[in-house]
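Subject: Structure for you, with notes on what was found

Dear colleague,

Here is the structure I said I would pass on to you. Please look through it first, and then read the notes below alongside it.

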Amino acid sequence: MAAKYRKIDPRMWKDDKFRELTEVEKLIAIYVITAQSNRIGLFNFSTALAAEDLGMVPERFLEGFGKVILTLNWGWDSSKRMVFLPSWWKYNHPDGRNILKGCLTDLHDLPESELVKRFIDNVQYLTPNLHETFREGSGKVTGTYRHQEQEQEQEQ
């Protein structure tokens with residue numbers, strides 16, 4: 001199996017919201033970013049596995065996890081067990097169109113969720129030259145892009 005690497009950007013330690021977290025909450029945030037994440041910042045997440053990996057009782061993990069989600073403005077869909085990190089591209093910017101297209105195939109592993117829609121609308125940290133590639137790539141995987149185009153055409 002190929003190794004999976006995740007970046008930890010040192011700017012995280014200067015982020016005002018991250019600095020608000022307690023030591024335990026910072027550990028939880030780093031775990032979320034590195035342990036179960038994928039290449040796009042929208043991924044399946046098991047709170048039970050996280051609690052086990054961190055050696056915490058589930059209640060303690062869930063309390064800290066809730067605070068992290070709220071403080072860092074991350075998305076959490078408990079029914080689909082998915083996490084969305086809106087600032088993912090800020091710290092893990094793709095190096096080009098083809099790399100972005102490859103990363104977007106991670107959407108195949110995810111169930112339908114409101115978080116997928118939020119993800120598709122989130123191009124804030126992508127350079128403008130990647131916006132169209134992102135919209136096309138995410139739409140091809142989810143079918144959302146074509147649906148949105150049809151709605152826009154009908155409105156016009």
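A residue is called buried here when its relative accessible area is under 20%, exposed when the value is over 50%, and partly exposed in between. Please keep in mind that this is a predicted model.

By that cut-off T71, which belongs to helix 4, counts as buried because its relative accessible area is 11%. A polar atom of the T71 side chain lies 2.8 Å from the backbone oxygen of K67, and, once neighbours within four places in sequence are set aside, T71 is in contact with K17, E20 and L21.

Helix 4 as a whole covers residues 58–71. Its 14 residues, at 1.5 Å a residue, should span 20 Å, and because the C-alpha atoms at its ends are 20 Å apart, the expected and modelled values agree. The buried residues of this helix are F61, G64, F65, V68, I69 and T71, and they pack against helix 1 (16–20), helix 2 (23–34) and helix 3 (47–54), as well as against strand 2 (75–77) and strand 3 (82–84). L62 also has its place in helix 4, but with a relative accessibility of 45% it counts as partly exposed. The C-alpha atom of L62 is separated by 7.2 Å from that of T47, although the two residues are 15 residues apart along the chain. After helix 4 comes N73, which has a positive phi, near 60°.

Turning to charged pairs, the count comes to 4 salt bridges, and three of them are described here, beginning with D106 and R39.

Which parts of the chain does the pair of D106 and R39 tie together? The side chains of D106 and R39 meet in a salt bridge, with 2.7 Å from N to O. D106 lies in the loop between helix 6 and helix 7, whereas R39 lies in the loop between helix 2 and strand 1 (42–44), so the pair ties together parts that are 67 residues apart in sequence. In this model helix 6 covers 97–104 and helix 7 covers 114–121, with D106 in the loop between them. D106 is buried, because its relative accessible area is 9%, while R39 is partly exposed at 36% relative accessibility. The same two side chains are also joined by a polar contact of 2.7 Å. Not counting residues up to four places away in sequence, D106 touches N38 and I40 as well as R39.

Another salt bridge is formed by D9 and R11, whose closest N and O atoms are 2.8 Å apart. D9 is buried, with a relative accessible area of 17%, whereas R11 is partly exposed, with a value of 44%.

A further salt bridge brings together the side chains of K117 and E114, at 3.8 Å from N to O. Both K117 and E114 lie in helix 7, where they are 3 residues apart, or about one turn of the helix. K117 is partly exposed at 47% relative accessibility, while E114 counts as exposed because its relative accessible area of 52% is over the 50% cut-off.

With best regards

Key
Residues are numbered from 1 along each chain as its sequence is written. This is a predicted model: local features need pLDDT of at least 70, side-chain atom pairs count only at pLDDT 80 or more; totals for chains, interfaces and linings use all residues. Side-chain values use heavy atoms; hydrogens and water are left out. Helices (H or I, at least four residues) and strands (E, at least two) are DSSP runs, numbered from the N terminus. Buried means under 20% relative accessible area, exposed over 50%, partly exposed in between (1.4 Å probe, protein chains only). A polar contact is a pair of N or O atoms within 3.5 Å; within protein, one must be able to donate a hydrogen and the other to accept it, and residues adjacent in sequence count only if both atoms are side-chain atoms. Contact means heavy atoms within 4.5 Å. The expected span of a helix is 1.5 Å times one less than its number of residues.
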